[in-house]
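Colleague: I am new to reading models like this one. Please take me slowly through one part of it, the nonpolar patch on the surface, and then show me how other places compare with your way of describing it.

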Amino acid sequence: MLSLLLCGALLYHHPAIAQSKPAADGQQITPAGQLTVTGQVLSDKGEPLPGADIIVKGTAHRTRTDETGNFVLKVHPGATLVCSSVNYFSQELRIVDQSKITITMLPDVKVLNQVMVVGYGTRKKSEFAGAGVVLQAEQLNKSSLSVANLLQGKASGVEVYQNDATPGAGLTIRIRGTNSINAGSDPLYVVDGFPLSDNIGFSMNPDDIESITVLKDAASTSIYGARGANGVVMITTKSGYNKPTRVNASASMGVQKVVGRYDLIGPYDNAVRLNALQTSLGNPAPYSAGMLDSLKRGFFGTDWQKVAFRPANIQNFSVSTTGGSKRSTTYSSLDYLNQDGIVINSKYRRIGGRLNMDQEINDKIKISERIFSTYGIQNSLPLAPSTINGFVKQVLKANPSSTFDAPAVLDAQNPLHFIADIDQKNTWFRLQGYFSAQYQLLKRLTLKMDLGADINHNNSYYFAPSSVPAGQSDSGQASIVNIQSQDLLINPTLNYGYKTGRHNFGILLGYNLQGSSYWEQGTSATDFSSDALGYNNLASAQHFSAYSVKTLIKRQSWFGRIDYDFDGKYIFSGTYRIDGSSVFGANNKLGYFPSAALAWNFRKEDFLETLTALSTGKLRASYGITGNDRISAGNSIATWASSNATIYTFSGSAPVSGIAVTSLADPNLKWEQTAALDLGLDIGFFRDRVLIEADYYRKKTTNLLLNRNIAPSTGFTTQIGNDGAVQNNGFEIAVNSTNISTATFKWTTGFSYAINHSKVLSLGENNADIYLGSFKPDGTANFEDPFILRTGEPIGAIYGYKYAGIVQVNDKVLTTTQPNSKPGDPKFVKTTSNSVVSAADRVILGQSIPTVIAGFNTSLSYSGFTLDIVLQGQFGGKLVNIQKEDLENPLSTGNELKTLLTQTWSPSNPGGAIPERGWYGNPYGGFVNSFFIESSDFVKIRNVTLNYHIPDRLLKHSGISSLDAYINGQNLHTFTRYSGLNPEVGNMVSASYLNQNAARGLDFNAYPMSRIITVGIKVRFN
């Protein structure tokens, strides 16, 4: 239905079928005294503009120009005509007594000649030969809390997902799949020309952003060499302008609510279940008849989900100033964010400030400064999400019948006890300073020097008093971790541009020196004399331990780029970069990264002049090589560490702690390299009313930085080295259309669709499988590996048993493949020739990384109102629903799903789908099985904003030049078949690169997703 509406709207406004006569209301019989105005609408080049809308201001009286740009309209003298056309500024003309007029439209250069930021420069979008997308501030998601939020559903081939919804936790971005296994796969972030070493997360105020450019192909990213293998996200912040100072202010307040909840057993039914469970084990029933009666009447019992998950407030305030003179401009801002978590006692607060200054000293010298600072405090949950003690598990498993003093084995700890008494806090301070000086040596030759620093100081505090299990045995536990990191950058470049006739040349030469240092110090203490001071006075503890770590990574690079185009038709760009990185072996410090891109603007060819429907046409092709050095420092050299576990005894004297080798040297460790091919087509119709961008790409990463098995005789079992290869193939398409554009109403839509297929090509000499993600969801379960890396299979393959139902009485598996099972146990498919079910029978059950990501956005504007809607979807992925499995355990003394009461197998209920003894501790198979592998496909209503612009005439004497009020909703609804609460989740067992890249796809103890409703205003004072 939506497609029909879009097609209908586009056809209605197609110039070829637009009415060549005045619109119906322009043909009406009108009173005497009106003028018949004949006119023509021309472009700035003097060409007729068909399909332009002409409206009498303040009325519904309108018409549209024909194929020659002509129109006829009857109006009263003194009326004002408003002329509008796609990609042109609207024009107004007052009619006095004219009977014939000509209206010349000025192009909206921002649209027609959209400029995008590329590595060390800018390019017109029409002359860009690579693959990239540029989004202006007004195109980004509204009311976003982080940079990643801004991009959700907005750019094809850019996947943005959230493993952890804890306030202040960052989102993950993947551009065109996952390239690496043991090295980082995050894109490089470049802010105002400064390459950062880590994810921006929540540190930046989204209101400071002017535009975001995402570079996706190797030809575009290879100018950053070692750091561009996973794509580049280039962020340009706002600048001042040559106008009097203007003040902008915004304020918003909202509420967050947990999305969904589990349907758990109530207090009375759970007490009945526990009585039955204990009596079956020969123990007395813990709940008396009186207790049961009180629970049944609702006098006692607790809904722990209701208590632990709360509506939470969120406030966001920002003020900025911008202005300047011809030679000096300034932009400054201050922002404050306060986000309470939907889980009690979780919270995030941030305050930040920015100062951007640009000065033109004289005709030859220009300088720029960018200074940014932020401070954040996160109060997070004390229990790790991927462990059996995760807080969400504590809430869901807590006994709702625990009002009574039942035996401790049945009365799970009050989950609020953990977060009420445990004090866990993280703080961040970040300071960025970036200075740029530009000197024009000659008319076409410019020297630029960039200097920058990015300084981070993070602290983590933890205290578990003796009153909670975590600190009970140690009489209190405390730790303080201090982390300091800094990036320093020196980056001179030389730029030469020359134009002669229809030939345009550009040459860029540059040098880059960047040093990244990291220092971490941690202290832990136990056995406190009092809980009163917590981590504020570690001296009150009896036992201490401490450690410190310092690393330094240096990168040194030389690079160059040649750009050429002939009349904007034939475009070439070639890049070469030499990178040196200290993380590699002495024999392979340098990496060499060439690339080339070609483009043909075929729409500019003479033989297509008569094809008026085609407004843009460009073919693109690029190929390049990029590198990856995102591994820990010291992997190429032998390292030592001191440890209390390393004890030496000398001639009968007391043991002495010593230093031991912790890793072996590898002087041949070298660059991981990604070679990428991209073929693209950009095409536009009806004066770019419809724009289509399509790309096919193929990426192959070789010399993987991979943990390899080595001979145990070395004293170690693994060592990182260069082995293996992976591949990503994909197709992307983005369609943007202006369906209706008049003086009073505008409707635009955007659609993006991207397919990516990954494959592991090799894993070293013997191609041995790599198992990862090992964990256990319950104390009675064995450790299992839910994921596998195997040649020929995708990255993120899920590995486990094929479930075959419940073992029934007299089932043949009791005498064949599962002889030690009992009726009511889970049954698994035998896939090998071994006699009984074993770990060898595990198979690949799907992949955790979706193969398709899609986005749809639409914007409708009418009479001051603007409605923006963003949808986001993913398809082709799977999730291991461990949360559901953990809540379907008949032997558990914690709370469970209500389905347990009716779906548990028993001799009297042989059709039950839940094993009588649960999923843990069975003699065959395991908890990672196909019964709990579910599709993670979804479509989310990600962001909806209704904005109203107060008419300017109402603000004339208020001192306010512009005022907008809006209401915004985020994560409003998810369309999915997934039985859990959030199919987008994929919390990893650990934060290692290996698990980030290939072990995503578990739903267990994830911080709940929230639905956010926000109201706010934006004010401008001139």
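Modeller: What follows starts at that patch and then moves on to other parts of the chain.

A word on the ground rules: this is a predicted model, in which local features need pLDDT of at least 70 and side-chain atom pairs count only at pLDDT 80 or more, while totals for chains, interfaces and linings use all residues. Residues are numbered from 1 along each chain as its sequence is written, and side-chain values use heavy atoms, with hydrogens and water left out.

Now find M253, F317, V319, L334, Y336, I351, L355, I371, Y375, F429, L431 and I455, which form the nonpolar patch. Together they have about 960 Å² of accessible area (Shrake-Rupley method, 1.4 Å probe, with only the protein chains shown counting as cover for residues). A patch here takes residues with over 30% relative accessible area and no salt bridge, joining nonpolar side chains (Val, Leu, Ile, Met, Phe, Trp, Tyr) within 5 Å and like charges within 9 Å. At least two residues of the nonpolar patch come from each of β18, β19, β20, β21 (365-379) and β22 (423-440). Strands are DSSP runs of E with at least two residues, numbered from the N terminus.

Let us zoom in on one member, L431, which sits in strand β22. L431 counts as partly exposed because its relative accessible area is 33% (buried means under 20%, exposed over 50%, and partly exposed in between, with a 1.4 Å probe and protein chains only).

Strand β18 also holds S318. S318 counts as buried because its relative accessibility is 9%. Leaving aside neighbours within four places in sequence, S318 is in contact with N205, D207, N248, A249, S250, L334 and D335, where contact means heavy atoms within 4.5 Å. One of these partners, L334, is a name you have met in the nonpolar patch.

Next, look at the loops that join these strands. The loop between β18 (312-324) and β19 (328-340) carries R327. The side chain of R327 meets that of E360 in a salt bridge, 3.4 Å from N to O; the term asks for a side-chain nitrogen of Lys or Arg within 4 Å of a carboxyl oxygen of Asp or Glu. E360 belongs to strand β20 (residues 347-360), and this pair, 33 residues apart, links distant parts of the chain. R327 is partly exposed because its relative accessibility is 40%, and E360 is partly exposed as well, since its value is 26%.

The loop between β19 and β20 holds N345. N345 is not a glycine, yet has a positive phi of about 70 degrees. Why is that worth a look? Most residues other than glycine have a negative phi. N345 is partly exposed, as its relative accessible area is 42%. Another residue other than glycine with a positive phi is S863, with a value near 50 degrees. S863 lies in the loop between β44 (852-862) and β45 (865-875).

Back to salt bridges, now elsewhere in the chain. The rule gives a count of 38. R561 pairs with D563, with their closest N and O atoms 3.4 Å apart. R561 counts as buried because its relative accessibility is 12%, and D563 is buried because its value is 13%. D579 and R577 form a salt bridge too, at 3.1 Å from N to O, and both are buried. A network of salt bridges links R176, K216, K618, R620, D678, D682, D695 and E732.

For a charged patch, turn to K45, K124, K499 and K604, which gather as positive charge on the surface. Here Lys and Arg count as positive, Asp and Glu as negative, and His and the chain ends are not counted; each charge is placed at NZ of Lys, CZ of Arg, CG of Asp or CD of Glu. K124 lies in strand β9 (residues 121-124) and is partly exposed because its relative accessibility is 36%.

One last stop is F685, in strand β32 (residues 672-685). Beyond its neighbours within four places in sequence, F685 is in contact with A613, L614, S615, V690 and I692. F685 and T616 are 69 residues apart along the chain, and their C-alpha atoms are separated by 6.7 Å.

Methods: Helices (H or I, at least four residues) and strands (E, at least two) are DSSP runs, numbered from the N terminus.
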